[in-house]
Amino acid sequence: MAPWLTVIGIGEDGFSGLGKQARRALLSAKRIIGAPRQLALLPRCVTAEQLHWPSPFSLAPVLALRGEPVCVLASGDPMFYGVGASLARQLPAEELQVLSMPTSCALAAARLGWPLQDVQVVSVVARPLAALNAHLHSGMRLLVLSNDETSPAAIAALLRERGFGPSRLHVLEHLGGPQERRLSGSADDWPHRDIATLNLVAIECQASPDTPRLPRVAGLPDNAFRHDGQLTKRDVRAITLARLAPQPGELLWDVGAGCGSIGIEWMRAHPSCRTLAIEADEGRQGYIEYNRDNLGVPGLQLVRGKAPDALAGLERPDAIFIGGGVTREGVLDLCWERLLPGGRLVANAVTLQSEVALAQFRERHGGELTRIHIAHAQPLGSFDTWRQALPITLLDVVKPLDA
């Protein structure tokens, strides 16, 4: 069966820039759906009924026409942060054909002379600007898909706030069309205000000398987080995350999340990692919300409540970290029950009672107990001595595949 739906990437050069296959599809379609800007690029010889996307956005108008010859217009490559990817999740491959044009990122890289494989692409189209924070490292080149004409100034302000004021910005408007234009400047003194709605921002990241280093590897400095003392400290956090072993696309439950440090660093390990942070204290919930944005993972989902009750109905995780509440009745057992087969459960204990709970759990389900002792050199009069932090008992257990 020939595909009834054709998704066409159209550039700023409009109908004249399309290939023969895309032109034939538009000329034979009964209906064409797209944004007003894209539909305005079509010539009079395209006589199909033209429909605008609904607001709020929905795929329902397309899916309701199933079986009819329909075209959908998109920008550039519809499978790159585009509607083509959304439709491909709803329709079998044989019902859909996608005809792509060069992406705005490909055009921007060509204009700037940047090897595309060495560039990090970030979208802030209907997404929090805070997502940029995870990608700010000196020497990085970023291509940012803007939401609108206000995005460049907002990005420059964010860079200044984060200590990346010396970074060089290039705004590329209407790429591939007759109105194409490039504006450049530094974030510290970004001068441009008259920006086209359709734009892409290229960033050459450069930190100020005193800007803290926030690497992607586990073990961020403790002062990178706002907290009230309920924080898995840096060295223990790195050891804990090594045992949680985040993999792309996996989901973590951070139970008794405190300030959210474990769940945040889990998500910083890979852009597709996800976290549900369960926390009952309102003050700590505020810390989690601040920290997730400040450290570039605004997609972290906060679950307001106390385990085990707050765990009801949550998506089953690939890994679970329990930083508090291991002595609470039912928490360990429910977490084990809900953990996916092959998943990892890691729990930390400080008190004798919580150590007993972990030891009893280990007797039933196996796993490994590790005792962590950390000491820091601190002054003692005119000399220095070691100050021992409270020891941590860590349980690490993998759920059998047949469980």
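This is a walk through two pockets, one buried histidine, one helix and a few backbone details of the structure above. Please keep in mind that the model is predicted.

Let's start with the largest pocket, which holds about 1,400 Å³ of space. Its lining is made up of 44 residues, and if you want to find the middle on your screen, look for Arg37, Gln38, Ser75, Tyr81 and Val125, which lie nearest the centre. Several elements each supply at least two residues of this lining: helices H2 (36-39), H4 (83-88) and H5 (104-112), together with strands E4 (70-75) and E10 (199-204). Sorted by class, the lining of the largest pocket comprises 22 nonpolar, 15 polar and 7 charged residues.

Further along the sequence you will meet the second largest pocket, with a volume of about 690 Å³. Here the lining has 34 residues, and those nearest the centre are Leu231, Thr232, Lys233, Val350 and Ile392. Helix H7 (234-244), helix H8 (261-268) and strand E15 (344-349) each bring at least two residues to this lining, and H7 gives the most, with 3 residues. The class count for the second largest pocket is 14 nonpolar, 15 polar and 5 charged residues.

Next, take a look at His170, which sits in strand E8 (residues 168-173). Is the residue buried or exposed? His170 counts as buried because its relative accessibility is 6%, and the cut-off for buried is under 20%. Which side chains does the His170 side chain meet through polar contacts? One partner is the side chain of Ser184, at 2.8 Å; another is the side chain of Glu204, also listed at 2.8 Å. Once neighbours within four places in sequence are set aside, the surroundings of His170 include contacts with Leu112, Trp114, Arg182, Leu183, Leu200, Val201 and Ala202.

Just after E8, in the loop between E8 and strand E9 (181-186), comes another histidine, His174. Phi of His174 is near 45°, a positive value in a residue other than glycine. With a relative accessible area of 14%, His174 is buried. Ala245 also has a positive phi, near 50°, and is likewise a residue other than glycine. You will find Ala245 in the loop between H7 and strand E11 (251-255). Ala245 has a relative accessible area of 29%, so this residue is partly exposed.

Now turn to helix H1 (residues 20-28), whose buried residues are Ala22, Ala25 and Leu26. Why do they belong to the same side of H1? They cover an arc of only 95° around the axis, and therefore share that side. On the other side of H1, the exposed residues are Lys20, Arg24 and Ser28. The cover over the buried residues of H1 includes strands E1 (5-10), E2 (31-34) and E5 (96-99), as well as E4. You have met E4 already, as one of the elements that supply at least two residues of the largest pocket's lining.

Finally, two peptide bonds deserve a glance. The bond from Ser55 to Pro56 is cis, with omega near 5°, and Pro56 lies in the loop between strand E3 (49-52) and helix H3 (60-63). The bond from Ala307 to Pro308 is cis as well, with omega near 10°. Pro308 belongs to the loop that runs between strand E13 (301-304) and strand E14 (319-322).

Definitions and conventions: Residues are numbered from 1 along each chain as its sequence is written. This is a predicted model: local features need pLDDT of at least 70, side-chain atom pairs count only at pLDDT 80 or more; totals for chains, interfaces and linings use all residues. Side-chain values use heavy atoms; hydrogens and water are left out. On a 1 Å grid over the protein atoms alone, a cavity is a set of points where a 1.4 Å probe fits but cannot get out, and a pocket is an open set with protein on both sides within 12 Å along at least five of seven lines; lining residues have an atom within 4 Å of a point. Grid points are joined across faces, edges and corners, and a volume is the space filled by probe spheres set on the points. Helices (H or I, at least four residues) and strands (E, at least two) are DSSP runs, numbered from the N terminus. Ala, Val, Leu, Ile, Met, Phe, Trp, Tyr, Cys and Pro count as nonpolar, Asp, Glu, Lys and Arg as charged, and the others, Gly among them, as polar. Buried means under 20% relative accessible area, exposed over 50%, partly exposed in between (1.4 Å probe, protein chains only). A polar contact is a pair of N or O atoms within 3.5 Å; within protein, one must be able to donate a hydrogen and the other to accept it, and residues adjacent in sequence count only if both atoms are side-chain atoms. Contact means heavy atoms within 4.5 Å. The arc is that of the directions from the helix axis to the C-beta atoms.
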